[in-house]
Structures are given as C-alpha cells and as structure tokens.
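Visitor: Hello! I am new to reading protein structures, and I would love a close look at one part of this one. Could you walk me through it slowly?

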Amino acid sequence: MGAPAVSDEYTPPRLSRLLHSLPHINVTLHRVNDTFAPNSPVYLESLGILGSIPGAWLILTLTVLLIYLLTRCCDRKQRPPRSITALKITLMILSVLCCGAIGVGLFGNDDLHNAMLQSIQAGNQLAALVNTVKNQSSILEEAMGSRARAPLARLADALDAPVANQTALGTLLRALSALRNNASAAASAADNLRQPLAKLNLDAFMKKAWVWEAARWAGGMAGWCCGGAVCVALLAAAARRSRRALLLLCVSVGALGALVVCWLAGAVLAAGAVAAADACQEPAAALAHHAPHGLPVDMVHYYLSCKVSRENVLTAELRNAQRAVVAVRQALAVLSRGAPQLFNDPGLQPALGALGAGTGEAERALVALSGALECRMARAYFVAAARAACDAGLQALSLQLLAAVVAGFLFTAIVLVDSHAWIYINTKRVRRRSGGGEEQAPFLSSGGSSAASRTLPRPAPFPNGKPPSYGAAVQLMDLERPRYTHTFTYTYTGEDLPSRMSGSATLGRGAGGGGAGAALGGAHTLGRAPHNGKYATLSKQCKTLESSDFY
C-alpha cells in the first residue's frame, strides 16, 4: 500500500477564509469566537443568527405579497383597458432566468456530490489503513501468543530430560525463558496496538456517509427539479391560449411554494457554508476534538497533522513489539543450535520449527505495522479528503446558496407578476360575463392577431327588446339629430297594384325648428310598372349613417 502522490501540505482555500471572516455574533450583537465548536451553544447561536437572515427576508417577502394580493383582490376600481403584452414578456423573461438559476443549483448539487465522493474515497483509504493496523496487530498477537504456547510447552518438556552438560543446559534454559518472556511481551504490545482502535469502525462510518450523501444528492436533485418544473409550467402558461387563468393560478401557487423552499434552503445552506468554512481553517483539530472517534485527541491530532511534538502511544508500542520479536529471534537461534545436540527428543524439531514460523510471521506483521503506523501516510489521505471537501465541496455549497438566493428573488417576482396577470384576466372575464366590459385580446396571442380580434362595442339594448319602426326611427332622428338631413328614395313595383307607383321623400328640419313642431314635406308619385311575372322587389338607397345613430 503506497501513499497517494499528493502533497501533505494543507492551506485553507480563499473562499473558506472569506466565509470564515463573516462576523459571528450572538443575540446581543456581540462578536463571539469563530473557532469551529459544534458543541458550544454560543457558536451554534451565531450560526443560527447568520442562517436567520434568509428566514427574515422570507417573512418580509410573504408579508409584502400578502398585502399586495389583498389590495389587488379587493380593488373594484374601474380602469381603462390596457395591453398585457408587457406582463407576458416579463413572465417569459423571468421564467428563462429562473431556469438558469435552477440549472446553476443542479450543477452545484452535482459538483458537491462529486467532491463528497472524493472525500469519502480518501476516507475509505484511511479506513483501510486502520484495518491494516488492526489485522496485523491481531496476527502479531496470535503468532506470539496463542500459537506459541504449545511449541513452548513441548520445548520445555524436552529440556527437562537429564543431561550431563549442565552448563549447556543452563544456557538453553535461559534462552527458553527469554523466548517465553519476549513472546509474551510482543503479544502484549500487539494487544496494546489493537485495543485503542477496536471501537473505531471507519468502514461502517464511511458506508453511512455514502448513504447520507446519496440521499442528500437525490433530495437536492428532486428539489431543484421541482423548482425547474415551476419555471417550465410558467413557460407553458405563456404559450397557451386556452385556460390561461387556471394555469396562471397553478403557477402562482407553485411559485409561492418554491419561493418558501428556496429561502428556507438558503438559510440552511448559509449556516452550513459558514460552519464548513470554520472547520476548514484547521480540519485536523476539528476532527480531533469533535469527531465521534473515541480515540485520544493527541493520537488523532498526531496522525492527521503529523507534527512530531512527542512520541505517539502506538509508535511506542510498535517499538516495544519490535524489540521483543528481535529478542525472540535471538533466543530461538540459541535453542535451535544447542537443543538438538543435547537432546534426542523427536518432538524437539517440530516445536522449534513452529516457533520459527511464528516468529517469521510476527516479523512480517511488524513490517506492515511500521508502514501503516507512519503518520505521513495517514496525513496524505486526510489532506486529500480535506481538499476535496473544503475546496471543491465548499465552492459547490456556496454555488447552491447563490442559486437558492437568486431563485428566491426570481420566484418572488414571478408570484407578483403572475398574480397581477391572473387577477387582471379573471376580472375582465367576470366583466365580460356580466356584459359591462369590453372584449379583450387573448393573454398570449400575438400583436397582430390581438388587434384583429377586437370587436366593436355592443349596442345598448332596446327598451322593448325590438328595434323601432321606420317611421319612429325617422321621427327620432329628426328630434334628436337636428344637424342631419336624411334623404330616402325608393321605388316599388308590385303585381297586385292597380297603377305604377314611384316617389321620393325628403325629410328635413330647418335650422331653427325644434321638437315635435318640425315641418314635414314630401312629394309622392305612384305608378304601375310592368313586372313580367317576377316577384315584387324593394330597393332602398340611403345615406350612410353610423350604426350608433340607430341605437
């Protein structure tokens, strides 16, 4: 297992320093310590105040919207008809800008996901390093402990046999005692290496972190996509002609919900971004003091910062195990040379062979432990994870915060304009049904078709529901329009008339005449004309009058 080819030097990113410089204040508006301390109520209070800024803006926005909607819905003042082209163009522009903000949020969410996956991958490498220490410590303890007990007992039984050379026997017995004591010391050191890490399960933690990140990514994608659906629905409402009022109402409700979600997400993202920036100033100290690892703080800080201020506990135990295994190898060498010469026990060689194999396995475990317990390797993995989270991850988190704030402003404008358009269209529709207003152009029709589709004002209804007769119309015109002179000329031919009839009538009123005393003059000539078996026809020519003169 080799160390990653990255520098182990860590520098807080510029964005992290910028967010960390934001004032951390309490409820009395006094600055507090900005060091990352999630267990401190004062620090959490400062983060809550920073996160409450978008929340306060949300409350203010909802209040303004409520006042606006109440004033517009309760307004019954008659206003002249106006074109709604400006509203249509404004809604389209806002919808396009909203789609852009949603796209930025989606990009930030995916970028944050990639950064967190890189950090989790580095954490998995660190977990593999911890597992190496656990496994090799167990191998060392087993080789020098449980597996060495039976060979040592057979070797002790073999040395109990009487021999003539007591000096050589004393040397073998001292070597056996040293072998037994050092093997026990090596097993104890191995247990001391493994015991602090027994409760540390980085594999399970990284799996949980991956599940949490997958859920966060899916939730973020779903939230941003819902906001994008509102923007697309606004575009659809801007493209339809039928049922536009219903679509605008639905879009207004959806935009209002998206507005609330955006500002609430902005509050959470603001507090999270500042907290992450505070932790990224000294990530090693933050993990050492606040991570739920259950290890001594000095040990964690030693491996994550790799600052050799004093000897680490694990390093001291590793050296004790190395010295003990070396002593075991030396004692075993003495026994392997002298015991076969003094004793002819058939169980002697198998016991020496088992002890030799166990010692070799312990030596290999010590080599692996020496590399795994080196602080530079753990530091390199930690720096890779910290860079992924504090550099790319913090940038993506800030990008989502910016997108949420911009989307909140855009959804606010969409609710205002959309509600205004809906109230306008709904009011005009009610007036058209009651017959008291003019027909308006479709909300989403083009400029030319809007002008072409407008109709003339409807005439006022007649008193008795029927139009006046010809004579009554002439008299009314004569009474009410003294400034006009109307001339009617008609010719009538009929089969049943006894004579030809033709004539002209001129109805007029003098400039000084008035009322019912107006003079009526005319000349009539009637005659019979041949009809040649045709049906009777009536032709009439009159001066062109405005249609309003007849109603």
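Guide: Here is a slow walk through the salt bridges around one pair of helices, followed by a few places further along the chain. Please keep in mind that this is a predicted model, so every value below was computed from predicted atoms.

Let us begin with the two helices. Helix α3 covers residues 85–144, and helix α5 covers residues 166–194. Two packed helices are described by the angle between their axes and the distance between the axes. For α3 and α5, the angle is about 160° and the axes are 8 Å apart. Angles over 145 degrees count as roughly antiparallel, and α3 and α5 are therefore roughly antiparallel to each other. The crossing in which α3 passes α5 is left-handed.

Now look for charged side chains on this pair. Which residue forms a salt bridge with E141? The partner is R194, and the closest N and O atoms of the two are 3.1 Å apart. R194 belongs to helix α5 and E141 to helix α3, so this salt bridge ties together parts that are 53 residues apart in sequence. Are these two side chains hidden away? R194 counts as partly exposed, at 23% relative accessibility, and E141 is partly exposed as well, with a relative accessible area of 23%.

R194 has another partner to find. D191 also forms a salt bridge with R194, and here the closest N and O atoms are 2.9 Å apart. This time both residues, D191 and R194, sit in helix α5. They are three residues apart, which is about one turn of the helix. D191 is partly exposed, with 23% relative accessibility. Put the pieces together and you have a network of salt bridges linking E141, D191 and R194.

How many salt bridges does a search of the whole structure find? The search finds six. One more to visit joins E361 and R147, whose closest N and O atoms are 2.6 Å apart. E361 lies in helix α11 (residues 348–372) and R147 in helix α4 (residues 146–159), so this pair ties together parts that are 214 residues apart in sequence. E361 counts as partly exposed at 22% relative accessibility, and R147 counts as partly exposed at 38%.

Next, come along to helix α12, which spans residues 375–434. A389 is in this helix, and A389 counts as partly exposed at 26% relative accessibility. Between the C-alpha atoms of A389 and N114 there are 9.7 Å, although the two residues are 275 residues apart along the chain.

F409 is another residue of helix α12. Together with W57, L60 and V64, F409 makes a nonpolar surface patch of about 380 Å². Helix α2 (residues 41–73) gives the largest share of that patch, three residues. F409 itself is partly exposed, with a relative accessible area of 42%.

Then turn to another pair of helices, α8 (residues 283–290) and α9. Their axes come within 9 Å and cross at roughly 155°. That angle makes α8 roughly antiparallel to α9, and the crossing of α8 and α9 is right-handed. Helix α9 runs over residues 297–305. Its buried residues are M299, V300, Y302, Y303, L304 and S305.

Finally, a word on the backbone. Most residues other than glycine have a negative phi, and most peptide bonds are trans. With that in mind, look just after α9, where C306 takes a positive phi of about 55°. L29, which is not a glycine, also has a positive phi, of about 65°. You will find L29 in the loop between α1 (14–20) and α2. Is L29 buried or exposed? At 66% relative accessibility, L29 counts as exposed.

If you would like one picture to take away, return to the network in which salt bridges link E141, D191 and R194.

Key:
Residues are numbered from 1 along each chain as its sequence is written. This is a predicted model: local features need pLDDT of at least 70, side-chain atom pairs count only at pLDDT 80 or more; totals for chains, interfaces and linings use all residues. Side-chain values use heavy atoms; hydrogens and water are left out. Buried means under 20% relative accessible area, exposed over 50%, partly exposed in between (1.4 Å probe, protein chains only). Helices (H or I, at least four residues) and strands (E, at least two) are DSSP runs, numbered from the N terminus. Patches are made of residues with over 30% relative accessible area and no salt bridge: like charges are joined within 9 Å, nonpolar side chains (Val, Leu, Ile, Met, Phe, Trp, Tyr) within 5 Å. Accessible areas come from the Shrake-Rupley method with a 1.4 Å probe; for residues, only the protein chains shown count as cover. A salt bridge is a side-chain nitrogen of Lys or Arg within 4 Å of a carboxyl oxygen of Asp or Glu. Axes are lines fitted to C-alpha atoms, for helices over the stretch in contact, and angles run from 0 to 180 degrees between N-to-C directions. Angles under 35 degrees count as roughly parallel, over 145 as roughly antiparallel, 65 to 115 as roughly perpendicular and the rest as oblique. A crossing is left-handed if the near helix is turned anticlockwise from the far one by less than a right angle, and right-handed if clockwise.
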